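Please look through the sequence and the structure shown below before reading on. The report that follows takes up one topic at a time.

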There are 2 protein chains.
Amino acid sequence: MAADQALRLDNQICFAVYSTAHAFNRVYKPLLDRLGLTYPQYLVMLALWERDDVPVKDLGERLFLDSGTLTPLLKRLEAADLIKRTRSTADERQVLIALTAQGHALRDKAKSVPQSILAASDCSVRELMAMKNEIVALRDRLNAVLGE
Amino acid sequence: MAADQALRLDNQICFAVYSTAHAFNRVYKPLLDRLGLTYPQYLVMLALWERDDVPVKDLGERLFLDSGTLTPLLKRLEAADLIKRTRSTADERQVLIALTAQGHALRDKAKSVPQSILAASDCSVRELMAMKNEIVALRDRLNAVLGE
DNA sequence: TCACATTTAATTGTTCGCAATTGAATCCCG
DNA sequence: CGGGATTCAATTGCGAACAATTAAATGTGA
């Protein structure tokens, strides 16, 4: 592809991904407002609903985020009584993140969210999963380059 | 899909898109550091290289961003002497964004960026364009819901 | 024409996201 | 055992991203 064409905004897959991430964020906003969560906070809760009582580092690896992002976010979730932060006794460098009863309970309220997003995306589950797999494969290749 | 499965992080296309956007950002970082640009600033420059002398609003529509994001970003580009902000005489509500000579010149330095990204994505142009088209179609459907 | 609505950027305040650094705990190796 | 390297979370500083509001300019209809 000629450099001129390559620099066109419309040809940039990165812009497609970037602008779609923001579009998702905007669609999620009214749904998550009802749960009292921001979108990144929702992702943290999704991760914790799968497995909690984990150090910040574990959460960071699952979400591709570092402590600079997670520490203040987790403090806000703690202030909202959704999680508890406890310094590990076994290894005092670690801070373990556990769900509170309210944090567990919020999962029920969140159950309807994916269905609403599916409707907004106006697409079959099969198609979305196929796209998701392609995008994840791309992400993993990009991350592989970073790891070198 | 059962609600339990739907809430799994791995099944969320939104998380796939979100985490891929961050992966792109990290791959772009070292390349854009050489141009003295952040990733959103690079997107603004891409848009301006296609068409400049445009009001902030026009830029916002092309990038799906509002003045709250663009105004400070454009001030930084102006401080770097890449663009000039001029209040329109025809309609004094508008501020027109034009490239400076340096802003135009930066395009040459940016020409090698897409090639580097292509290499990092370890994927053919054809495959990337196909993915891009799918993602853009999804974005447009999401934005359509927001417009209602 | 004139009051009122709309458009446009800018501003304010909150929350991410990350690089770089810090300080404490733990690991590892001689 | 001891000292330097490593790991982990927190902190600082900067740049997005967006909601809500503001102020000025323009448009519109009676």
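Which residue of chain A comes closest to the rotation axis? The residue is A:Val17, whose C-alpha lies at 3.1 Å from the axis. This report describes a predicted model, and the sections below take up the chains, their meeting surface, the DNA strands and the cysteines.

## How the two chains are related

Chain A can be superposed on chain B with an RMSD of 0.0 Å by a turn of 180°, combined with a shift of 0.0 Å along the axis. That is the relation of a two-fold axis.

The symmetry can also be followed in the residues through which the chains meet: 100% of the interface residues of chain A are interface residues in chain B as well, so the copies meet through the same surface.

## Chain A on its own

Chain A contains eight helices and three strands, and, read along the sequence, these elements follow the pattern α-α-α-β-α-α-β-β-α-α-α. Taken along the principal axes, the C-alpha atoms of chain A fill a box of roughly 60 × 40 × 25 Å.

Of the 148 residues in chain A, 48% are buried. If one considers the contacts in chain A between residues at least 6 apart in sequence, 48% of these contacts join residues at least 24 apart.

## Two residues in contact with the other chain

B:Gln12 is found in the loop between α1 (3-6) and α2 (13-33) of chain B, and B:Gln12 counts as buried because its relative accessible area is 5%, which is under 20%. When residues up to four places away in sequence are not counted, B:Gln12 touches A:Tyr28, A:Tyr42, A:Leu46, A:Pro114 and A:Lys132 in chain A, along with B:Ala6 and B:Leu7 in chain B.

A:Leu146 belongs to helix α8 (residues 125-147) of chain A, and with a relative accessible area of 35% A:Leu146 is partly exposed. Apart from its neighbours within four places in sequence, A:Leu146 is in contact with B:Ala23, B:Arg26 and B:Val27.

## The surface near DNA strand D

DNA strand D is surrounded by 29 residues, of which the closest are A:Tyr18, A:Arg26, A:Lys75, A:Arg85 and B:Thr38. By class, this surface has twelve charged, nine polar and eight nonpolar residues. Among the atoms of DNA strand D within 4 Å of the protein, 79% belong to sugar or phosphate, while the rest belong to bases.

Several individual atom pairs can be named here. A phosphate oxygen of DNA strand D lies 2.7 Å from a backbone N or O atom of A:Lys57, and a phosphate oxygen of the strand is 2.8 Å from an N or O atom in the side chain of A:Thr71. From chain B, a backbone N or O atom of B:Glu92 lies 3.2 Å from a phosphate oxygen of DNA strand D. The elements that give two or more residues to this surface are α2 (13-33), α4 (56-63), α5 (67-79) and β2 (83-87) of chain A, together with α3 (39-50) and α5 (67-79) of chain B.

## The surface near DNA strand C

Around DNA strand C there are 30 residues, and those that come nearest are A:Thr38, B:Tyr18, B:Arg26, B:Lys75 and B:Arg85. Of the atoms of DNA strand C that come within 4 Å of the protein, sugar and phosphate account for 80%. The residues of this surface divide into twelve charged, nine polar and nine nonpolar.

A backbone N or O atom of B:Lys57 is 2.9 Å from a phosphate oxygen of DNA strand C, and an N or O atom in the side chain of B:Thr71 is 2.8 Å from a phosphate oxygen of the strand. A base nitrogen of DNA strand C is 2.8 Å from an N or O atom in the side chain of B:Ser67. At least two residues of the surface are supplied by each of α3 (39-50) and α5 of chain A and α2, α4 (56-63), α5 and β2 (83-87) of chain B.

## The cysteines

How many disulfides are there over all chains? The count comes to zero. A:Cys14 is in no disulfide, and the nearest cysteine sulfur, that of B:Cys123, is 14 Å away. A:Cys14 counts as buried, at 3% relative accessibility.

B:Cys14 is likewise in no disulfide, with the nearest cysteine sulfur, that of A:Cys123, 14 Å away. B:Cys14 is buried, and its relative accessible area is 2%.

Definitions and conventions
Residues are numbered from 1 along each chain as its sequence is written. Chains are lettered from A and ligands numbered from 1 in the order in which they are written. This is a predicted model: local features need pLDDT of at least 70, side-chain atom pairs count only at pLDDT 80 or more; totals for chains, interfaces and linings use all residues. Side-chain values use heavy atoms; hydrogens and water are left out. A residue is near a molecule or strand if one of its heavy atoms lies within 4 Å of it. A polar contact is a pair of N or O atoms within 3.5 Å; within protein, one must be able to donate a hydrogen and the other to accept it, and residues adjacent in sequence count only if both atoms are side-chain atoms. Helices (H or I, at least four residues) and strands (E, at least two) are DSSP runs, numbered from the N terminus. Ala, Val, Leu, Ile, Met, Phe, Trp, Tyr, Cys and Pro count as nonpolar, Asp, Glu, Lys and Arg as charged, and the others, Gly among them, as polar. A disulfide is a pair of cysteine sulfur atoms within 2.5 Å. Buried means under 20% relative accessible area, exposed over 50%, partly exposed in between (1.4 Å probe, protein chains only). Copies are superposed by least squares on the C-alpha atoms of residues with pLDDT of at least 70 in both. Contact means heavy atoms within 4.5 Å.
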